[in-house]
Amino acid sequence: MELYLDLFSQPCRSVFLFAKAVGIPFEFKHVDLAEGHHYSEEFGKISIIRKVPVMKDGSFILTESVAILKYMAQKYSLSVADHWYPADLQQRACVNEYLAWQHTNLRLHGSKVFLLRSVFPLIMGSEPPKEKMDAALEDLKQSLNLLEEKFLQNKPFIVSNKISLADLVAIVEIMQPVGTGLDVFEGRPKLIVWRDRVKKAIGEKLFDEAHEAIMKVSSLPQKMQDKSKLEILKPKFQKLFS
Ligand SMILES: N[C@@H](CCC(=O)N[C@@H](CS)C(=O)NCC(=O)O)C(=O)O
């Protein structure tokens with residue numbers, strides 16, 4: 001199995017962490033987004049969507065992290081512990097519920113804060129407008145509130161007393177704004193305890209390995225020095241934040 005990944009990307013980290021944590025063998029194919037490798041002719045043959053992650057299992061190619069995670073959990077169901085993607089109908093439905101919710105909530109809002117704080121100044125050559133930043137932070141706060149109140153409640157993990165794909169997908173998204181120096185855990189003791197549980201369940205060393213790049217996000221300016229690459233991204237940003 002080949003996994004096309006850039007660990008700067010949250011969905012790539014969830015796929016990477018899951019495969020590593022449960023011992024699924026794979027070949028790591030690095031697609032450097034800051035270098036624009038996803039626009040290459042070679043990557044276009046793998047996925048015309050031109051986003052990572054992508055999984056290639058023999059001649060079968062799959063995009064979308066959530067689909068890839070479920071594929072891996074089901075393909076290796078004999079060796080992957082049940083709690084990751086429970087066979088129980090209602091528990092599995094709860095994992096699916098979180099995975100469906102997060103796309104337009106925690107992922108969307110955490111990504112916006114990340115992009116505004118770290119990438120916007122590089123591409124647009126100015127600080128993000130205050131009203132955009134404030135709105136993005138407010139949206140992120142609302143998503144974190146829902147993660148605590150609707151999904152975690154008083155359980156150790158999102159679905160039960162064991163880690164599942166839902167926790168994995170949640171933590172990688174939360175770490176994106178954290179990488180920009182924003183302490184999203186401030187004043188959230190429940191979330192801190194949960195984060196530490198998730199880290200422990202995955203293994204701290206593996207967790208840190210996956211997050212090394214994003215925790216050094218201040219190195220992005222050096223990586224994105226090529227002005228022509230920044231120009232490609234400008235219209236995307238204008239559209240996203242106009
Ligand atoms: N829904 C997709 C999102 C994939 C995605 O947006 N990947 C980003 C990195 S986080 C990407 O490859 N962006 C490149 C681009 O948009 O140019 C998933 O969960 O896999």
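This is a short talk on one predicted model, going from its domains to its strands, then to a loop and the ligand.

Let me start with the overall division. The chain is split into two parts, domain 1 at residues 2-80 and domain 2 at residues 84-241. Their C-alpha centres lie 18 Å apart. Where the two parts meet, 18 residues of domain 1 are in contact with 21 residues of domain 2. On the side of domain 1 that touches domain 2, α1 and α3 each supply at least two residues. Which element gives the most to that side? It is α1, with 9 residues. By class, the residues on this side of domain 1 are 12 nonpolar, 3 polar and 3 charged.

Next, the annotations. An unreviewed UniProt entry places "domain: GST N-terminal" at residues 17-73. That span is 37% helix and 21% strand, and its end C-alpha atoms lie 12 Å apart. The UniProt record, again unreviewed, also has "domain: Glutathione S-transferase C-terminal", covering residues 120-198. Here the chain is 66% helix and 0% strand, with the end C-alpha atoms 30 Å apart. Please keep in mind that these two names come from the record.

Now the strands. Strand β1, residues 2-5, runs parallel to strand β2, residues 27-30, and 4 bridges join them. To get from β1 to β2 the chain passes through α1, and this β-α-β crossover is right-handed. If you want to find the pairing on screen, Glu 2 has Glu 27 as its bridge partner in β2. Tyr 4 has Lys 29 as its bridge partner in β2. Tyr 4 also has a bridge partner in β3, namely Val 54. In what sense do β1 and β3 pair, parallel or antiparallel? They pair in the antiparallel sense, over 3 bridges.

Just before β3 there is a loop to look at. It lies between α2, residues 41-46, and β3, residues 54-57, and Pro 53 is found in it. Arg 50 lies in this loop between α2 and β3 as well. As background, most residues other than glycine have a negative phi, and most peptide bonds are trans. Arg 50 has a positive phi, near 60°. The peptide bond from Val 52 to Pro 53 is cis, with omega near 10°.

That brings us to the ligand. Which residues surround the ligand? Val 52 and Pro 53, the two residues of the cis bond, are among them. Lys 51 is also in the shell. The others around the ligand are Ser 9, Gln 10, Pro 11, Leu 33, His 38, Glu 64, Ser 65 and Val 66. Two helices, α1 at 10-22 and α3 at 65-75, each supply at least two residues of this shell. Counted by class, the shell has 5 nonpolar, 4 polar and 2 charged residues.

One last link between the parts of the talk. Helices α1 and α3 each supply at least two residues to the shell around the ligand, and each also supplies at least two to the side of domain 1 that touches domain 2. Helix α1 is also the one in the crossover from β1 to β2. That is the end of my part.

Conventions:
Residues are numbered from 1 along each chain as its sequence is written. This is a predicted model: local features need pLDDT of at least 70, side-chain atom pairs count only at pLDDT 80 or more; totals for chains, interfaces and linings use all residues. A residue is near a molecule or strand if its C-beta atom, placed from the backbone, lies within 6 Å of it. Helices (H or I, at least four residues) and strands (E, at least two) are DSSP runs, numbered from the N terminus. Ala, Val, Leu, Ile, Met, Phe, Trp, Tyr, Cys and Pro count as nonpolar, Asp, Glu, Lys and Arg as charged, and the others, Gly among them, as polar. Two strands pair if DSSP finds at least two bridges between them. A crossover is right-handed if, with the strands pointing away from the viewer, the path from the first strand over the helix to the second runs clockwise. UniProt positions are given in the numbering used here, feature names are shortened, and annotations may be inferred rather than shown by experiment. Domain bounds come from an automatic or database domain assignment. Two residues are in contact if their C-beta atoms, placed from the backbone, lie within 7 Å.
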